[in-house]
Every structure is written in structure tokens, then in C-alpha cells.
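Hi,

Here's the structure I said I'd pass along. Have a look at it first, and my notes are underneath.

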Amino acid sequence: MTNSDDVTRGTATLASQGGAPVRKDYLPIAVPWIGEREKQLVLDALESGWITTGPKTQELAARIAAMAGVKHAVAVNSATGALHLALEALGVGPEHEVITSTWTFAATVNVIEHCGAKPVLVDVEPDTLNMDPRAVEAAITPRTKVVLSVDYGGQPCDYDALHAICDPRGIAIVDDAAHALGAAWRGRPVGSLAKVTAFSFYATKNLSTGEGGAAVTDDEEVADRIRLLSLHGMSRDAWKRYTATGSWYYEVVAPGWKYNLSDVLAAIGLGQLDRFDEFQRIRGELVARYQANLAAVPEVGFMRAREGLTHAWHLFPIAVDLDAVTIDRARFIDELRSENIGTSVHFIPIHRHPHFRDSLNAKPEQFPVAEHAYARAITLPLFPRMSAADVDDVCAAVAKIARAFRR
Ligand SMILES: Cc1ncc(COP(=O)(O)O)c(C=O)c1O
């Protein structure tokens, strides 16, 4: 509900100063959309007598592989697990370095440390906040084993540039596509652009199983290794050992992890996949509305997709122009909260977290683009259940605050 006349005229008092908030009810940053199909499939799983990894997980994996344009997918319980297994399967170890973006979630970097390898952070490009290929090239050493790209917000990295750097040197690319299911680069789906790609099905992602993820690859050997390591290192199809056709006998051939997905959660994913194209279409429409509305608010900039790619639009970040307003980003977020608009910041750069700052001796001045973006970034609500009126409310609140604090 918008008190839109006052807001449009610029006469509305900020909610933080006793005025009416732009919305009466709070708009969260993301809400999953669980429909009747998901509920029915979960019920099927619950009543089937098979609630852990089984046929629904296999079906989800097969459909994700098809979407990603590759032969193999292993469904697991998070993108974090998928990334960890990808690095393990590629043989990343203590003698190696893995280059990744400082503009990401901690999981991307934690898994490098789990393998005993050294994370090497690089800065990003200003328009996409994806890793800068020139910085990647400059960071390569004889120890570099993997470049771990991050498709920020759902926008694929520049894979032409990354392959031109990595392929001649025998460096594998692993794609953290936690945000980018359904995205494409020059007509090729995300999932087919790297040696291994990890997707996330976390609660807020563009396809959600609550918790979940998948690793996809065209390399059968790597896929087999990931599958093996995802379930204790037990030999192939050990998950079937309690079925009529399964065997009690299995062998542990490596010390694996417990990263498998359950059929109850996979059932949610199958239902979501049936509606995925519709979800993505709605996301695109909401983003177009945001971009049109916010073009009239010069105090903020916003993310656009580069030419020649399909953006998955998991996130819609804006950048507050600190030269145009008298408040900082944190205060802008507080004001949005008072207007009943939920937001977040994606991301607090990795080099700012105490653990990585200290262990990697990372200094803010090494990452000027990420630092500039971090001081200004706010992620606005974006999810397919949002209405056009919700987008208008968010934009009205942004405009109201920008106007109130204009320099
Ligand atoms: C860029 C990125 N990578 C990895 C992850 C981890 O995903 P998951 O929660 O599925 O492990 C996230 C989660 O938000 C993320 O944003």
C-alpha cells in the first residue's frame, strides 16, 4: 500500500521522522513460491517410503543437467558442498592456489581452504561486479590450479576472456553459479561454460528446495568422483542398498562427505522446475520495471545486463550515489527498513572479513572496485511472487529517501 500522492509530490515525511511508511506491511527481500505442485510432490515422496536420496533426487539431477546443457549432474545438499566436491574432484590440494573473486559469499572461499589450498582474491569489474579477467591473469602463478568464477547476481562472467587466460595454461574453471541457474553466455547455458558448475537451491534462490544444490559437468570421470565423494566415498549407487534391486555390499574407496540431497527436498525442486521458465519471465519483467522507475531517481544507479547474455536476475542491486545524498549506505538501508522495505547487501567483500583479512593479509586498497561498490550497494527485493505494485513501492521508498537527503 503506497501513500503515493505525497511520495510522488515529494511532500511525504520519512517514516523515521513520524510520517506514514510507503508500505503498511513489510516487504521481505525474497520469499520462495511454493505451489500446489511442490506440495503434491513432497507428499508423494513422504508417502513413498523413500525420503532420502532416491528417484526424485536422480530425476532432479537429470533435469538440471539437461537445463545446463551437460551430460552429468550430482544433486547435493548445498552449493557449498557442490563447490567443495568440485575442487576435491579436480585434485585441488595444499600445493595449489585457487583464484576467486572478493565479491562473493564466504562459502566460495571457505571451500578452497577446506581443500588445504590458498585462496587468491581478485577485484571485480565495475558494471557487473564479476571478477576482472585482467586481475585474474595478473594473479596466476605456477601454483594456480583453478579459477573459481562467481556469476554475481545471476550475470555470467566473461567466459571468453576467462577461457582465453586459463585454457592455454591448463587451469580449470569452476563456476560458482549459486545465483545463475537459467543464465546463458552468448547462447550457451551456465553449466556448460566451466569444467564444473555449482548451483544453489537455497531458500532465497531462483529455484529453491529450502537447502540444496547441484554440481554439473560434461566430464564423466569428474562427475563420478563428485558422486562418490558426496556420500562417504561409497562405491557407485550405494544409496540404492536398501532397495529390492540394490546390494548390501559396498566399498569405501575414499574418505568422502555427507553432502547428498534428500528426495523430500528434491521433490520441491521438481515442482519448482515445472514453473521455472515462468519464474524467470516474471523476474525479467520486475527488473525491467525497476530499471524504468529508477531511471527517474538520479541518486541511485542500478545493475544492467551486458549485451549478448541471459541474466538470471537472482538479485537486483542498486548503488547509492554518495556524492548526491548526505547519508551513507547503512543509513539508507535503515530508512528503507522504516518504510517497510527489506533489503540486504551482496556482498561484504571477502577481504573485509576478519578471517580472510588476517589469513590472506588482504588490504582494502588491493580491491578498489569492490571497495567502491561495497560503500554503495543495496540489494532490493526481487522474487516472482512480487507484484508490479510492490516494485513501485520499493522505488517510491528509494525516491522518497533520496529526495529527503539530496545534497
Ligand atoms: C555466490 C554464492 N556462492 C555460494 C553460496 C552457497 O550456497 P549454499 O547456501 O547453497 O551452500 C551462496 C549462498 O548464498 C552464494 O551467494
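Below is what I found, going sheet by sheet and then on to a few single spots.

One thing up front: this is a predicted model, so please read everything here in that light.

**The strands around 4, 5 and 8**

I'd start with strand 4, residues 144–150. Six of its seven residues are buried, so strand 4 is mostly covered, taking under 20% relative accessible area as the cut-off for buried. On one side of the pairing list is strand 2 (residues 97–101), which runs parallel to strand 4 and is joined to it by four bridges. If you want a residue pair to click on, Glu97 has Thr144 in strand 4 as its bridge partner. Strand 4 also pairs with strand 5 (residues 172–176), again in the parallel sense, this time over five bridges. There, Val150 stands opposite Asp176 of strand 5.

From strand 5 you can carry on to strand 8: the two run parallel, with three bridges joining them. Asp175 and Thr197 in strand 8 are bridge partners. Then the direction flips, as strand 8 and strand 9 (residues 213–217) pair in the antiparallel sense over four bridges. Ser200 stands opposite Gly213 in strand 9.

How covered is strand 8 (residues 196–200)? Five of the five residues are buried, so strand 8 is largely enclosed by the rest of the structure. Its side chains split two ways: Val196, Ala198 and Ser200 point one way, while Thr197 and Phe199 point the other, and all are buried.

**The 10-12-13 sheet**

Next is an open sheet of three strands in the order 10-12-13, with antiparallel pairing. Strand 10 (300–302) and strand 13 (377–380) are at the edges with a single partner strand each, so one side of each has no neighbour in the sheet. On average, neighbouring strands here are turned by 35° against each other, direction ignored. Helix 11 (residues 329–338) packs on this sheet and touches strand 10, strand 12 and strand 13. The direction of helix 11 makes about 25° with that of strand 13.

Strand 12 (residues 316–320) is joined to strand 13 by four bridges, and the two run antiparallel. Look for Ile318, which sits opposite Ile378 in strand 13.

**The 7-6-11 sheet**

There's another open sheet of three strands, in the order 7-6-11 and antiparallel as well. Strand 7 (188–189) and strand 11 (309–310) are the edge strands, each pairing on one side only. Strand 6 (residues 184–185) pairs with strand 11 in the antiparallel sense over two bridges. The bridge partner of Ala184 in strand 11 is Thr310.

**A loop residue and a surface patch**

Asp132 is in the loop between strand 3 (118–122) and helix 6 (133–139). Is Asp132 buried or exposed? Its relative accessibility is 11%, so Asp132 counts as buried. Leaving aside residues up to four places away in sequence, Asp132 touches Asp123, Val124 and Glu125.

On the surface, Leu43, Leu46 and Ile51 form a nonpolar patch, and together they have about 260 Å² of accessible area. Leu46 belongs to helix 2 (residues 36–48). With a relative accessible area of 45%, Leu46 is partly exposed.

That's the lot from my side. Shout if you'd like to go through any of it together.

Cheers

Key: Residues numbered from 1 in each chain as written. Predicted model: local features only at pLDDT ≥ 70, side-chain atom pairs only at ≥ 80, totals over all residues. Heavy atoms only, no water. Patch = residues over 30% accessible without salt bridge, like charges linked within 9 Å, V, L, I, M, F, W, Y side chains within 5 Å. Areas by Shrake-Rupley, 256 points an atom, 1.4 Å probe, with all protein chains shown as cover. Salt bridge = Lys/Arg side-chain N within 4 Å of Asp/Glu carboxyl O. Buried < 20%, exposed > 50% of the residue type's maximum accessible area, 1.4 Å probe, protein only. Pairing = 2+ DSSP bridges. Axes fitted to C-alpha atoms, helices over the stretch in contact; angles between N-to-C directions. Contact = heavy atoms within 4.5 Å.
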